[in-house]
Each structure stands twice: as structure tokens, then as C-alpha cells.
Amino acid sequence: MSFASVCGLTIAFFLSSFYIISQNDMQWGRVGLMELGQTYNPWIPLPVLFAVRCAIAIIIWAIIFYITSEPKGIAITADIQGVKTVVLLRYLERLTMFTVWAWLLQGVYFLLAALGSYIALNINTISNLNDFQHIPSIAWVLYEVSLLVCFVVSMVVTYVLIPSFKKANKPADIFFTPTGLILHNCNVLFMAFEFMANGLPLVLLHFAFVVLLAGAYYVFSWIWYKHKKLFYYFFMDYNRPDAVLWQIGLLAVFFLLYLVCTACSYARFHYNSSLPTLVIFSLAFLSMKLKE
């Protein structure tokens, strides 16, 4: 019954999101190469923005390469059919965690953002800008989704997963290894910097793309469960009697955080205030967990 309910709710979310995207003005014309590439912060010159974006992109892809190539992997303690079992994840299996999905999205975004800044720096020497006409819209959606998802990932780790591990007497050391600390803390700092520097607004209707990502990972988690017999995140386990409540609750948290980010974005561009940036950085620091 739980799987049928979770599956039905996921399908409803998918259909609703596709309907919103197809039937509404998604305001694609608001963002072009200028908004993507240029700096919108007087304290961050364009060459500095380009350099920082390149550095962040290099860090992200270096981390992804490292975790998918190092042979040691990570050991996860999980209850599989009532038996406490240690599961070893190595190589490409590391890509199956939602945290890494979020990092992949950020990695693509920062590559496109760095390209946008490069174009802005060399605008007079590039002959055909039409070759890049679809890049701003793709980067825009990646930015909106990544800004929200980074907060959700870090907050869930800090306020849900780590306490649940301790309550169940499971080792939580995977969150405090050098790689774990980078994955669950640097993500919010990277995106907070982007919020402070770029010219990309947040649009409430674009929350539909967040729902599509969350739904895609839900479906993937079911497939992975059939293969590995475990869910990484207890609240995604459709065998739980409260699985639907967790699904609705997570979506509500996603939406609430997106409302906050959208309001901060609106205030930043319409009131020329530093308060929205302070709010975003405050959320970033509140999301972080640096020691056990």
C-alpha cells in the first residue's frame, strides 16, 4: 500500500510539473548571456568572477573524479531485511547518492557560468553569439535548482541524518571525513557566493524543475533498492507506514526554502539591499556541520 501511495504521489508531482512548465510563461527571455556572465556585485570584478567560477568548477569535478575513482570507497551501515549490514560503495556506485547528484548539477552550472563570464570578457572578439543562445536558460535552471538543493542536502545531513545515525547507534564518521565535509559544506558556500555575485533571478514557477529532480531521484531510489536492497535515506523507504507523510513533508520543506530564496532574490534586485545576501549566507552557515 505504501509503495502504491508513494508511486501515485510521485506520478502526480511529475504530471503537475510538466503541466506547469508547458502551460505557463517560464520567462526565458529574462536571462541572456549578459545576466549569466556579468558580475552584479560592485565588489567582485568580472575577471575575479571568472576566476572564482573556474576554480569552483575545477574543485567540483576534481572531487567527483576522486570519489568515483578511489578504490577504498565508503562503508554504509544499513538494516537490510532486519539485519545490520555494512555496504561498500565504490567507483561509479558513489554517483547513486543524492548529494553527488547535486554536485553534478553544480559542476555543470559552474562550467556554463564560467563560459558565460569568458564570453563577457571577450565579447568584442566573439563573432557569433547565436551559437550560445541556449546556454543562459540551461544555466539559469541549474542555478535555481542547485541553490535550493544545496541547502536541502546540507540541512538534511545536519538536522536529520546525523541525529538519526546517533540515535540508531550507527557510525556517522562518513559525514566527517575530509571528502564528507567538502561534499556537505562547500556546496552551500559555492552557491551562496553565486547568489551574491550573479545576475540570475529566481522565478517561483521554476520550482517545477526542482520537483522533477526530486521525483527522478525517488524513481531511481526504487530501482536501486531492487538492486541493493537498501535506501540511503530512511525517509525515502516506501516500506515505512509514514512514507507518504515524509514525501509530502520533504516537498513542503523544498517549497518553503525555495520561497525564501526567491524572496531574497527579488529583494536583492528590486531594493538594492545587502540583507538578502546576508540571509543566504546565514542559511549556508546554519546548514553546515563541521565536527561531530
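The exercises below work through a predicted model of one protein chain.

**Exercise 1. Confidence along the chain**

Task: State the average pLDDT of the chain, and find where confidence is lowest and where it is highest.

Solution.
Step 1. The average pLDDT of the chain is 92, and 99% of the residues score at least 70.
Step 2. Confidence is lowest in strand β1 (residues 74-80), where the mean is 78.
Step 3. Confidence is highest in helix α3 (residues 46-69), at 97.
Step 4. Where pLDDT is low, the predicted coordinates should not be read in detail.

**Exercise 2. Two helices and the residues after them**

Task: Compare the reach of helices α7 and α8 with the expected values, then describe phi in the residue just after each helix.

Solution.
Step 1. Helix α7 spans residues 207-228, which is 22 residues. From its first C-alpha to its last, α7 reaches 31 Å, close to the 32 Å expected at 1.5 Å a residue.
Step 2. Helix α8 takes in residues 243-271, 29 residues in total. The C-alpha atoms at its two ends give a reach of 42 Å, close to the expected 42 Å.
Step 3. Just after α7 comes Lys 229, with a positive phi of about 65 degrees. Lys 229 belongs to the loop between α7 and α8. Its relative accessible area is 39%, so Lys 229 is partly exposed.
Step 4. Just after α8, Asn 272 also has a positive phi, of about 50 degrees.
Step 5. Another positive phi in a residue other than glycine is that of Tyr 91, near 55 degrees. Tyr 91 sits in the loop between β2 (83-89) and α4 (98-121). With a relative accessible area of 35%, Tyr 91 is partly exposed.

**Exercise 3. The buried side of α8**

Task: Name residues of α8 that are buried, say what covers them, and place Thr 262 among its contacts.

Solution.
Step 1. The buried residues of α8 include Ala 243, Leu 250, Phe 254, Tyr 258, Cys 261, Thr 262 and Arg 268.
Step 2. Among the elements covering the buried residues of α8 are α1 (2-23), α5, α6, α7 and α9 (275-287).
Step 3. Thr 262 has a relative accessibility of 13%; buried means under 20%, so Thr 262 counts as buried.
Step 4. Leaving aside neighbours within four places in sequence, Thr 262 is in contact with Leu 202 and Leu 204.
Step 5. Thr 262 and Glu 144 are 118 residues apart along the chain, and their C-alpha atoms are separated by 9.1 Å.

**Exercise 4. Ser 154 and the second largest cavity**

Task: Decide whether Ser 154 is buried or exposed, and describe the cavity that it helps to line.

Solution.
Step 1. Ser 154 is placed in helix α5 (residues 135-167).
Step 2. Its relative accessibility is 1%, so Ser 154 counts as buried.
Step 3. Not counting residues up to four places away in sequence, Ser 154 touches His 184, Asn 185, Asn 187, Val 188 and Ser 287.
Step 4. The lining of the second largest cavity includes Ser 154, and also His 184, Asn 185 and Ser 287. Two or more lining residues come from each of α5 and α6 (178-197). The most, four residues, come from α5.
Step 5. The space in this second largest cavity is about 40 Å³. By class, its lining has three nonpolar, five polar and one charged residues.

**Exercise 5. The largest cavity and a pocket**

Task: Give the volume and the lining classes of the largest cavity and of the second largest pocket.

Solution.
Step 1. There are three cavities of 30 Å³ or more. The largest cavity has a volume of about 60 Å³.
Step 2. Residues lining the largest cavity are Tyr 217, Ser 221, Trp 224, Leu 230, Phe 231, Tyr 232, Tyr 233 and Met 236. Seven of the lining residues are nonpolar, one is polar and none is charged.
Step 3. The second largest pocket holds about 240 Å³ of space. Its lining includes Tyr 40, Trp 43, Met 196, Arg 268 and Asn 272.
Step 4. By class, the lining of the second largest pocket has four nonpolar, five polar and one charged residues.

Notes
Residues are numbered from 1 along each chain as its sequence is written. This is a predicted model: local features need pLDDT of at least 70, side-chain atom pairs count only at pLDDT 80 or more; totals for chains, interfaces and linings use all residues. Side-chain values use heavy atoms; hydrogens and water are left out. Buried means under 20% relative accessible area, exposed over 50%, partly exposed in between (1.4 Å probe, protein chains only). Contact means heavy atoms within 4.5 Å. On a 1 Å grid over the protein atoms alone, a cavity is a set of points where a 1.4 Å probe fits but cannot get out, and a pocket is an open set with protein on both sides within 12 Å along at least five of seven lines; lining residues have an atom within 4 Å of a point. Grid points are joined across faces, edges and corners, and a volume is the space filled by probe spheres set on the points. Ala, Val, Leu, Ile, Met, Phe, Trp, Tyr, Cys and Pro count as nonpolar, Asp, Glu, Lys and Arg as charged, and the others, Gly among them, as polar. pLDDT is the predictor's confidence in each residue, from 0 to 100. The expected span of a helix is 1.5 Å times one less than its number of residues.
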